[in-house]
Every structure is written in structure tokens, then in C-alpha cells.
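Open the model in your viewer and keep the selection tool at hand. This tour goes from helix pairs to the spaces between elements.

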Amino acid sequence: MASAPTASVPALELAGLLKAFGNTVAVDRLSLTVPTGSFYGLVGPNGAGKTTTLSMATGLLRPDAGTAAVHGVDVWSDPVAAKAMIGNLADGIRLFDRLTGEQLITYSGMMFGLPREELAGRTADLLELMDLTAAAGTPVADYSAGMTKKIALACALVHAPRLLVLDEPFESVDPVSAANIEDVLRGYTASGGTVIVSSHSMDLVQRMCDHVAIIAAGRVLVAGTVDEVRAGATLQDRFLELVGGRTHTEGPAWLRQS
């Protein structure tokens, strides 16, 4: 049995992760340390390897090389113990959407061994938190994109994980729900939980996160506290400086209105 996590052990330790798809290297010997209790942002351009990295970190995708450990537990040599500590909102993973919202949260909790009597209260709390109580009996297949994102987040939270990994958690989510979720996540990290959030929104990461890593071409360009990484500039400007590719153009002549 894995020992209880402590603040001295990183919530997530990635060492030399490598993943290639054919001749394309998606993640190139990437290493990253996420401190326990941190709100950690992962940012990078499209195709940078963020989702692939998180998939390997959470046991959804086996790396070609390297290791991933959650609170000191190796994700691939002891996957049951490691995954029990992870709440995962992954990009592009299909839900059992023929279940109702209430059934899906309950099912997710049962997968983690939570007793039925405890699950009922947790499910009700999460449905209220996500403003989905009225849709509790509706099949998830009939949910909007934003509702689907919220029910998936509820499933990730139901077992009170030590590490919460969120890939674009606020995409399609309405502003009121997003603000409520932000409050919950802040309380979660304040109590010792750790959040990793992958997002294209630099404003969101700069506002919410205390640590950030900028990734491009499957490698970490820079990582540290948000203030260290942005080095006196905005996170957006620092990102553009490191990643490049910014062009200043008014577009083709035919597009301009004369």
C-alpha cells in the first residue's frame, strides 16, 4: 500500500517522458516537478504536447520512455494506487453518456470504491455546485457542451482526489459556473490539494495559478512560479517571446473594407 502523501513529496514528478507517433515526436524527454498544494498552469501552442503529456502523467497513455509519479507512486508500476489519487478531466475522452448526470457521478464514485450512502450526498453536492440539479435525471447525451464539461468535472471530483488534472476545464462553461468552480478549486488547493490546469487562456492562468510551465515542441521552455516565468512582463508577452510565431498583419487586401 502506498504511504500517505506529504507536502515534501511532489504531487507530480515527470522525468524524461518521451512519446512518438510514427516519425513525429509529440513529447521529447520532458521533465517537470509539480509541488504539492500548487495551482499549476500548463500552457503552450497547439501541438505543443500538453495533452499527450497529461495523458502519460495520468496513466491514459503509456510513454515510450521516462517515468511519471504521483505523490511518489509510479503511475505505470503501481497504476491502481496512483490513479486512486488522481481526478482527471481529459480532453476528448468520451463519457458513458447514456447515463443520466446523477447516474454518471454515482458510477464514477463507485469505481473508486465509495459506499453508496456516502455517494448520494457527494453527488447531490456536486450537481448543485455545477448548477446541474435540474438536469440530474437527463441523459448526458442530451447535455450541451458546457453541461458535459461540468458533469465530467464533477466525476473527476467525486472521490476527493489528491491531484486534479484539468485539460481546458472552462471551455464552453458559462461565466457564473466558471466563477463557482474557481472558488472550489482555490479552496481545494488551500487545503493541500494540487491542481494542474492546461489552458490556452493566459489571463486565466495568470489570475488563478501560482506556478506555470510553458511547453513547445514537446519540451519545457521555462517553468517556475508565475512571477518567475513572466519576468516582469505579462504571461502573454512572455509566452509570445519564448514560443515565437507572432505576426503583425492586417490580412490580405481583399479582406479589408474600403
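## Stop 1: H3 and H5

Start where H3 and H5 cross: the crossing is right-handed. The model is a predicted one. Select H3 and H5 together and look at their axes. They pack at an angle of about 25°, with the axes 8 Å apart. H3 is therefore roughly parallel to H5, as angles under 35 degrees count as such.

Now show side chains. From H3, pick Gly101, Leu104, Ile105 and Ser108. From H5, pick Ile151, Ala154 and Cys155. These residues meet. Colour the contact by class: five residues are nonpolar, two are polar and none is charged.

## Stop 2: H3 and H4

Keep H3, residues 101-111, and add H4, residues 116-129. How far apart are the axes of H3 and H4? They lie 9 Å apart, and the helices pack at an angle of about 135°. H3 and H4 are therefore oblique to each other. Their crossing is right-handed.

Select the H3 side of the contact: Glu102, Ile105, Thr106, Gly109 and Met110. Then add the H4 side: Arg116, Leu119, Thr123, Leu126 and Leu127. By class, this contact of H3 with H4 holds five nonpolar, three polar and two charged residues.

Ile105 deserves a second click. It is in the H3 contact with H4, and it is in the H3 contact with H5.

## Stop 3: the largest pocket

Turn on a surface and find the largest pocket. About 970 Å³ of space lies in it. Its lining has 29 residues, and the closest to the centre are Asn88, Ile93, Arg94, Leu95 and Cys155. Cys155 was on view at the first stop, in the contact of H5 with H3.

Which elements supply at least two residues each to this lining? Select H2 (79-83), strand E6 (86-89), H3 and H5 (145-157). H5 gives the largest share, six residues. Colour the lining by class: 18 residues are nonpolar, seven are polar and four are charged.

## Stop 4: the second largest pocket

Move on to the second largest pocket, with about 180 Å³ of space. Select its lining: Arg122, Leu126, Leu129, Leu157, Val158, Ala160, Pro161, Val184, Leu185 and Tyr188. H4 and helix H6 (175-190) are the elements that give two or more residues to the lining. By class there are nine nonpolar residues, no polar ones and one charged.

Leu126 links back to an earlier stop. It lines this pocket, and it is on the H4 side of the contact with H3.

## Stop 5: the cavity

Hide the surface for the last stop. How many cavities of 30 Å³ or more does a search of the whole structure find? It finds one. The largest cavity holds about 40 Å³ of space.

Select the lining of the largest cavity: Leu12, Leu14, Leu32, Val34, Tyr40, Leu42, Thr53, Leu54 and Ile196. Strands E1 (12-21), E2 (24-34) and E3 (39-43), along with helix H1 (50-57), are the elements that give two or more residues to this lining. Colour by class once more. Eight of the lining residues are nonpolar, one is polar and none is charged.

Definitions and conventions. Residues are numbered from 1 along each chain as its sequence is written. This is a predicted model: local features need pLDDT of at least 70, side-chain atom pairs count only at pLDDT 80 or more; totals for chains, interfaces and linings use all residues. Side-chain values use heavy atoms; hydrogens and water are left out. Axes are lines fitted to C-alpha atoms, for helices over the stretch in contact, and angles run from 0 to 180 degrees between N-to-C directions. Helices (H or I, at least four residues) and strands (E, at least two) are DSSP runs, numbered from the N terminus. Angles under 35 degrees count as roughly parallel, over 145 as roughly antiparallel, 65 to 115 as roughly perpendicular and the rest as oblique. A crossing is left-handed if the near helix is turned anticlockwise from the far one by less than a right angle, and right-handed if clockwise. Contact means heavy atoms within 4.5 Å. Ala, Val, Leu, Ile, Met, Phe, Trp, Tyr, Cys and Pro count as nonpolar, Asp, Glu, Lys and Arg as charged, and the others, Gly among them, as polar. On a 1 Å grid over the protein atoms alone, a cavity is a set of points where a 1.4 Å probe fits but cannot get out, and a pocket is an open set with protein on both sides within 12 Å along at least five of seven lines; lining residues have an atom within 4 Å of a point. Grid points are joined across faces, edges and corners, and a volume is the space filled by probe spheres set on the points.
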